[in-house]
Amino acid sequence: MLDLYAGAGYLGIEALSRGAESVDFVERNGAACAVIRRNLDELGLRETARVHRLPVERCFSRIPLDPDLIFIDPPYRVDALPVVEELAHRANLPDGAIAVWRRLVRASGGVSTPPDRIGGLVRIDQRRYGDGAIDTYRVEASR
């Protein structure tokens, strides 16, 4: 599993607690990385996780990218579409992999909808919650 913009790592840690084999956390903030490491240690999950302190935009050339589940949870003001596009084109995502992307809905007149298809990623669901939206993509075999 890959947790991009990991923050305190809650999504990845929850996935580990529910049986994920391993998680790569990517977070640029050093204090947040320290929190992730401390939480992993306290929960006895350090052996199944790697914490990468670097900008998400630079992770594609530095860590293995073959996860079957990806959480993309940027700070609300960050437009992660370029990151999702790079993920779709550079990662070695297995068929059927799922990417869940939480994003801000533009306040100026409606939802700013990303494309239905981004490389091999095809949107299978979209939900709106207040000022946010969650888009779920799946990797299709016919990339």
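## A tour of the sheet and its helices

Start by selecting Leu104, which stands opposite Gly132 in S8. The model is predicted, so local features need pLDDT of at least 70 and side-chain atom pairs count only at pLDDT 80 or more, while totals for chains, interfaces and linings use all residues. Residues are numbered from 1 along each chain as its sequence is written, and side-chain values use heavy atoms, with hydrogens and water left out.

Next select residues 98–104 and 132–139: these are strands S5 and S8, paired in the antiparallel sense over 7 bridges. Two strands pair if DSSP finds at least two bridges between them. Strands (E, at least two residues) and helices (H or I, at least four) are DSSP runs, numbered from the N terminus.

Now show the whole sheet. It is open, has 8 strands with mixed pairing, and follows the order S3-S2-S1-S4-S5-S8-S7-S6. S3 (49–53) and S6 (117–118) are the edges; each has a single partner strand, so one side of each lacks a neighbour in the sheet.

Helix H1 (residues 10–17) packs on this sheet and touches S1 (2–4), S2 (23–27), S3 and S4 (69–72). Contact means heavy atoms within 4.5 Å. The direction of H1 makes about 175 degrees with that of S2; axes are lines fitted to C-alpha atoms, for helices over the stretch in contact, and angles run from 0 to 180 degrees between N-to-C directions.

Stay on S2. Its pairing with S1 is parallel, over 3 bridges, and Val26 is the bridge partner of Leu4. S2 also runs parallel to S3, joined by 5 bridges. Both faces of S2 are covered, with Val23, Phe25 and Glu27 buried on one side and Asp24 and Val26 on the other. Buried means under 20% relative accessible area, exposed over 50%, and partly exposed in between (1.4 Å probe, protein chains only).

Select helix H2 (residues 30–43), which lies across S2 and S3 at about 170 degrees to S3. Confidence (pLDDT, from 0 to 100 for each residue) is highest in H2, at a mean of 97, and lowest in H3 (residues 81–90), at 88.

Finish at H3, where Val83, Val84, Leu87 and Ala88 are buried. They span an arc of only 135 degrees around the axis, which puts them on the same side of H3; the arc is that of the directions from the helix axis to the C-beta atoms.

Which residues should be shown around Val84, leaving aside its neighbours within four places in sequence? Val84 is in contact with Ile72, Trp101, Ile118 and Leu121. The relative accessible area of Val84 is 1%.

Key. pLDDT = per-residue confidence, 0-100.
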